[in-house]
Amino acid sequence: MLILGVILLVVGFVTGITILWTIGIILAVIGLILWVLGSLGHAVAGRRHYW
């Protein structure tokens with residue numbers, strides 16, 4: 001999710017499509033939160049690790 005968010009951020013920035021930019025920011029933030037929670041050992045969606 002984090003990688004998809006970064007890809008959408010780049011594509012949205014290059015093409016100038018603001019909806020891709022917005023969706024990319026949202027996905028990148030959610031992916032970052034899930035990655036941090038998974039690395040801290042918290043169960044994410046019933047799993048011990050998020051990847």
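How many aromatic pairs does a search of the whole structure find? The search finds one, and this tour of a predicted model will come to that pair after a look at the chain and its helices.

Begin with the whole protein chain in view, coloured by secondary structure: two helices and zero strands should appear. Of its 51 residues, 22% are buried, and the chain exposes about 3,900 Å², of which carbon and sulfur atoms supply 77%. Among contacts with a separation of 6 or more, 24% join residues that lie 24 or more positions apart.

Next, select residues 18-39, which form helix α2; these 22 residues reach 31 Å from the first C-alpha to the last, close to the 32 Å expected at 1.5 Å a residue. Within α2, show the side chains where there are any and highlight G24, L27, A28, G31, L34 and G38, which are buried. These residues cover an arc of only 140° around the axis, and they therefore sit on the same side of α2. Add residues 2-15 to the selection, since this is α1, against which the buried residues of α2 pack.

Then move just past the end of α2 and select G41, where phi is positive, at about 95°.

Finally, select F13 and W21, the aromatic pair: their ring centres are 5.9 Å apart and their planes stand at 40°, so the pair counts as tilted, a class that lies between the stacked limit of 30 degrees and the edge-to-face limit of 60. F13 counts as exposed because its relative accessibility is 64%, whereas W21, with a relative accessible area of 37%, is partly exposed.

Notes:
Residues are numbered from 1 along each chain as its sequence is written. This is a predicted model: local features need pLDDT of at least 70, side-chain atom pairs count only at pLDDT 80 or more; totals for chains, interfaces and linings use all residues. Side-chain values use heavy atoms; hydrogens and water are left out. Rings of Phe, Tyr and Trp (its six-membered ring) pair if their centres lie within 6.5 Å; planes under 30 degrees apart count as stacked, over 60 as edge-to-face and the rest as tilted. Buried means under 20% relative accessible area, exposed over 50%, partly exposed in between (1.4 Å probe, protein chains only). Helices (H or I, at least four residues) and strands (E, at least two) are DSSP runs, numbered from the N terminus. Contact means heavy atoms within 4.5 Å. Accessible areas come from the Shrake-Rupley method with a 1.4 Å probe; for residues, only the protein chains shown count as cover. The expected span of a helix is 1.5 Å times one less than its number of residues. The arc is that of the directions from the helix axis to the C-beta atoms.
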